[in-house]
Amino acid sequence: MGKLYDELTEEIEFDHGMHACMDCGTCTALCAAAEFYDYSPREVMDIVQSQDDDKIRELISSNKIWYCGQCLSCKPRCPRGNNPGAVVLALRRLSVKTGLFAESEKGRQQLLAKRLFGDNMMNRGYTLLPTNPVPSHFPELGKDWEYYHNHLAEMREWWGVPVDLENSPGSARIIPEKDMEELRAIYKATGAVDLMNAVEDGMAKKLGGKEEVEKFWKNWQDTVDTRNYKIKGGKSK
Ligand code: SF4
Ligand code: SF4
């Protein structure tokens with residue numbers, strides 16, 4: 001048993017998700033992510049159950065833990081009552097805390113999640129704002145979305161929703177500052193702020209400073225593909 005394994009056992013999701021895996025593979029057989037990616041919840045459970053720190057380090061430094069879609073289809077079907085999706089969540093948290101998330105390309109995408117969903121929550125109280133899905137980043141939303149995005153006020157009027165959505169009652173209203181303060185206090189007390197800071201710090205450490213993190217961020221905004229940023233002098237997984 002090693003230090004990483006010990007840390008993992010401190011996570012509540014680990015406690016909920018890992019009992020005793022008998023390696024039957026039922027979870028992998030039904031897992032949608034396993035169908036499309038180099039990913040197997042059975043393998044994840046096997047590695048975790050080995051309690052081998054080297055294997056756990058390799059796992060949380062890899063893309064694999066980021067492929068799970070958190071659908072939790074595996075949970076009700078496991079004959080041992082495990083929840084591999086929850087174990088993956090515990091592994092992700094450990095990956096961020098240790099900075100090892102920045103070793104993998106999919107892990108580095110945590111910066112996007114932090115700066116979009118995380119910063120939105122801290123500043124506006126929402127994970128996603130109506131204006132966030134810019135058409136160049138979401139070509140799959142098609143021409144209709146592009147038109148809506150570029151004619152926001154006109155379309156809102158046409159649909160009969162308030163043009164000034166942010167200052168109207170409803171789902172995009174401005175959250176009062178006193179409620180925002182409470183929300184920020186909850187994020188701080190539960191460790192979410194620490195995790196968000198760990199993402200920024202881990203990226204700076206991996207890329208060689210905060211300036212490089214800004215270049216990574218700009219590169220993603222311009223090209224919508226984190227693989228286009230080349231890490232200096234390092235192999236990018
Ligand atoms: S987690 Fe459950 S379903 Fe998956 S391999 Fe282990 S025992 Fe089987
Ligand atoms: S929660 Fe993750 S591991 Fe479980 S079935 Fe869904 S994608 Fe697969």
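## Exercises: two ligand shells

By class, ligand 2 sits in a shell of 10 nonpolar and four polar residues, with no charged ones. Keep in mind that we're working with a predicted model here.

**Exercise 1.** Work out which residues come closest to ligand 2 and which helices feed its shell.

*Solution.* Start with the head count: 14 residues surround ligand 2. Next, pick out the closest, which are Cys31, Cys68, Cys71, Cys74 and Gly85. Then look for elements giving two or more residues to this shell; you'll land on helix 4 (32-36) and helix 8 (84-98). Finally, rank the contributors: helix 8 gives the most, with three residues.

**Exercise 2.** Do the same for ligand 1, and sort its shell by class.

*Solution.* Around ligand 1 you'll find 15 residues. Cys21, Cys24, Thr26, Cys27 and Cys78 come nearest. On the element side, helix 3 (26-30) and helix 5 (41-50) each supply at least two residues. Helix 5 has the largest share, at three residues. Now sort by class: nine residues are nonpolar, three polar and three charged.

**Exercise 3.** Step back and describe the protein that holds these shells: its secondary structure, span, burial and contacts.

*Solution.* First, count elements: there are 15 helices and zero strands. Second, check the extent, where the C-alpha trace spans about 60 × 45 × 40 Å along its principal axes. Third, burial: 27% of the 237 residues are buried. Last, take the contacts between residues at least 6 apart in sequence; 66% of them join residues at least 24 apart.

Key:
Residues are numbered from 1 along each chain as its sequence is written. Chains are lettered from A and ligands numbered from 1 in the order in which they are written. This is a predicted model: local features need pLDDT of at least 70, side-chain atom pairs count only at pLDDT 80 or more; totals for chains, interfaces and linings use all residues. A residue is near a molecule or strand if its C-beta atom, placed from the backbone, lies within 6 Å of it. Helices (H or I, at least four residues) and strands (E, at least two) are DSSP runs, numbered from the N terminus. Ala, Val, Leu, Ile, Met, Phe, Trp, Tyr, Cys and Pro count as nonpolar, Asp, Glu, Lys and Arg as charged, and the others, Gly among them, as polar. A residue is buried if 20 or more other C-beta atoms lie within 10 Å of its own, exposed if 12 or fewer, and partly exposed in between; C-beta atoms are placed from the backbone. Two residues are in contact if their C-beta atoms, placed from the backbone, lie within 7 Å.
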